[in-house]
Structures are given as structure tokens and as C-alpha cells.
Amino acid sequence: MLAELVALFYLLSSVASQQEAAAAATGGRFVCNAIPPGAEPGCGSSPTGNRLQMSSPAEDELRNTIIRLRETILQQKETIVSQQGTIKELNSKLARCEAAADDSAQPGKSRGHGSRRKEYGKNTMGDLPRDPGETINQLGKTMQSLKGRLESLEQSLQLPGINVSAGSGPALTPLPSQLRELLGQRLGLLETQLLRKVAELEEEKSQLYNETAAHRQRTENALNSLLERITELEKNNNAFKSPEDFKVSLSLRTNYLYGRIKKSLPEMYAFTVCMWLKSSAGPGIGTPFSYGVAGQANEIVLIEWGNNPIELLVNDKVAQLPLSVSDGRWHHICITWTTRDGFWEAYQDGERLGTGDNLAPWHPIKSGGVIILGQEQDIVGGRFDATQAFVGELSQFNMWDRVLRPMDIVGLANCSAYMPGNVVPWIDANVEVFGGATKAPLEICEDRAFDS
């Protein structure tokens, strides 16, 4: 447009030159006089200082047109400079939007998950808040603001043209199609980027909600477990220093003194059972423990009856164990068994004294039974025989659903390891006593050292 105005300026100058040449050809002539100081150049002056009226109305009109052209050119130059600044500002805003969209599309490319959370609240578009919901609202407002500014820019870039016909004023010329198309593309791209950013923020907000709900559930479960543990400790605070530091005493050979483990067993294909016991009864120490299930009262039994050696029963099948514990001192015993080939091991005070196999091979230990301390069961949970009752003290009765390693058993025997049973742990709240059996505080390692 500026080039057109300059061309028009030169065209009008050429027309003025032709008119002057035509006037000279018809006999007109010019009078040249000296120009007084301060007089305007280009116009003749009389010696008295009066201007010579040598121009025609057409020349005056051309001169006025040229002056208006010059003013219009200057105004358009200022307008173009101003609009270029606005376009640069919009391009800068769009670049920041694109950078923010690229960062959200590739969150793990240049930084880890932790730093991504850290930079989540950074100002990626000049004024984004930290909360995802507020971010979405702010992005919508930003998009509407940019669209309004672009529409305002499109209207303000309509350049005024010049109509040199008589009585005419400035006329508006539509925005060039290429610039209109470019602005439309920029606006569409910006809107696409913002909509994608909004969708990503919505998805992230949903993920954060799900993660928060799962974390809240885990926290509540952990707190409930902790409260249960605290309740157990408060109940037993007056009796024992810790829930596992106690013993069960069965002082008489009767059929009504016994202890009962509240927790039952799951189905198992191997087990390890360990305990501390002390007895000087004879003949035979009796039954330290038995486990009975529906249809099989002798699912697992450890017994020394009469003059027989200590025996391990699994599914009413018998293996004799080379153990000797009736000297009135504390002894640590462990028995392991696996359904594969019915292989078993017997440990006393951390030393393996015997092994064997073919003890109820391939038989799984049934679940849902009853564990009794000090009595052998003829039916599940009852019908005890006084001649088979255990007389003495026992502690730290723990049971695992696997075969422990020899080094683990040694650690338990010499008090260098603490490994509560994963299926039956020895804790006060898990043991009930009946018929005159008692529970008393006991720190087994200290008592054993004093005993020896």
C-alpha cells in the first residue's frame, strides 16, 4: 500500500510538470527575483515583498493532495509499526503456549517424575495457577482474550486509502487475504494447543484423584492396624513388657488344664513349628501341642507318652524324634516337615539331631482346625486324656508355612534373631488358658541364661 501511495505521488508530480511545460509553450513566462531572507522558496515575490500569484487552481489542488499523501504515509507508517509490535507480542504468547504444550506432552524426556511434580506449578503461560481446575478456567479465559485481541487486530489493520476525486475522504480497504489467513491459522493452532492442554490437565486431575483415593485407603488400613496393635499393647501393658514375653504354665497332669491358640492354620504343604519348653515330668512329658481338623483329630501332634520317645504325627502317621527335653531345663526345639516325600527334621537347641522321610508324603495340612497347648485331642478341640497331658512350661510357640533354614533356627535358639511365625505368632492376645493354666511374664533369653 505504501508503494502505491509513492507511485501516486510521482504521478501527480509528473502531471504538474506537464502543465507547467504547456503553460510555457502558450507564451507564459516566469519572472525570477531575489528571495528576501525569511521568504518561502518556490514562489515569486515582488520587490516590495508581496507574493506573485503564479499558480492555477489545479496546481493548488495537486499541492494539497501531495501534502495529504505525505501525512497519510506518515500515519500509515506509525500504524504499521504499532501493529508489528502487537503481532510480535502475540507470537511470543503463542510460543510460550507451544512450549508448555510440548513440556506436558513429553513429561519424562528431560526430567524425572519428581521434578515434573515440582515444575507442575511453574508459570508456563504467564499466569497459570497451581490448581488443575483453576488452570483449566484460566486457560479458557486466556484463549478468549487472545481471540478477542486477534479480532481487534484484524479490524484495526484495515488501512485507509486515498480517493483523490473532489469532495471524497479516506475510504477503508479490507485486510489483505494473506494476513487474514495467517492470523486465522495462528488462532486455530493456538486454540488446538489450548484444548489439548485442557484435556491433559483434566486427565491428570482424574489420575491425581484416583491416586489420592488409593493412598487414603492404604493410610486408613495402616492406621487401623496400628490402632489394633496399640489396643493390644494397652490391654497387656500391666502384665508383660511386650506381647511375646510370657509363658504358659501347666502344673498338673489333668484333662482340664490347657491353652488354646485363637488363630487357625491355612492349608499348608510345609511347616516349621518352634517353641521353648521346660519339663521334668515322667514318664514322658506329655503333649506340648496338637492340631486337629474335622475328620482328623491328629493332623499334627507332638507327644511323648509313657516310656516311648517323642513322636511327631502328621495325618495320624508317626515318626520318632531323637529329642530329650525332660531334664527340667529350658530347651528350644524346632520341627520341620514338607509334603514332598514327607521329609522331616528335628532340632534341639539349634542343633539338628535327626531327619527322615515318608511321613504322610504328598498330604496337604488341612485348614480351619484347632491348636491346643498341653493336650492331645480325640475330637476337634476336646475329649482330652489326662495321661497324655503336658506338665511344665512353654513359650514362644511360633509356626511358619515353610521350612526354615538351619541358620534361622540357630538364630532363634541362641536368641540372636527375632522371627515371629507368619501363620501363628506368639503374642498374648492370641493365647487363651483354661482350667487353671496360667500366663506369666517371661523373658526367655534371660531366664534361660540364669537356668544354665
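## Strands and the seven-stranded sheet

Two strands are said to pair if DSSP finds at least two bridges between them, and with that meaning in hand the main sheet of this predicted model can be described. Seven strands form an open sheet, arranged in the order 12-11-10-5-14-3-16, and the pairing within this sheet is antiparallel. At its edges stand strand 12 (351–356) and strand 16 (438–441), each of which pairs on one side only. On average, and with direction ignored, neighbouring strands of this sheet are turned by 25° against each other.

Within this sheet, strand 5 (residues 270–278) and strand 14 (residues 392–400) pair in the antiparallel sense over six bridges, and one of the residues involved is threonine 272, whose bridge partner in strand 14 is tryptophan 400. In general, strands of a sheet pair through backbone hydrogen bonds, in either a parallel or an antiparallel manner.

## A helix across the sheet

Helix 6 (residues 406–413) lies across strand 5, strand 10 (331–338), strand 11 (343–348) and strand 14, and this helix runs at about 155° to strand 10.

## Lysine 247 in strand 3

Is lysine 247, a residue of strand 3 (residues 246–250), buried or exposed? Its relative accessible area is 16%, and because a residue counts as buried when this value is under 20%, lysine 247 is buried.

The side chain of lysine 247 makes a polar contact with the side chain of glutamate 393, at 2.9 Å. If the neighbours within four places in sequence are left aside, the residues in contact with lysine 247 include Trp330, Leu394, Trp426 and Thr438, as well as Glu393 itself.

## Strand 4 and its two partners

Strand 4 (residues 258–261) runs antiparallel to strand 15 (residues 431–434), to which it is joined by four bridges. Three bridges join strand 4 to strand 13 (residues 370–373), and these two strands also run antiparallel.

Which residues pair with isoleucine 261 in these two strands? In strand 15, isoleucine 261 stands opposite valine 431, while in strand 13 the bridge partner of isoleucine 261 is isoleucine 371.

## The chain as a whole

The secondary structure of the protein chain comes to seven helices and 16 strands, and buried residues make up 36% of its 452 residues. Among contacts between residues at least 6 apart in sequence, 69% join residues at least 24 apart. The accessible surface of the protein chain comes to about 25800 Å², of which 53% belongs to carbon and sulfur atoms.

Conventions: Residues numbered from 1 in each chain as written. Predicted model: local features only at pLDDT ≥ 70, side-chain atom pairs only at ≥ 80, totals over all residues. Heavy atoms only, no water. Axes fitted to C-alpha atoms, helices over the stretch in contact; angles between N-to-C directions. Contact = heavy atoms within 4.5 Å. Buried < 20%, exposed > 50% of the residue type's maximum accessible area, 1.4 Å probe, protein only. Areas by Shrake-Rupley, 256 points an atom, 1.4 Å probe, with all protein chains shown as cover. Polar contact = N/O pair within 3.5 Å; in protein donor to acceptor, adjacent residues only side chain to side chain.
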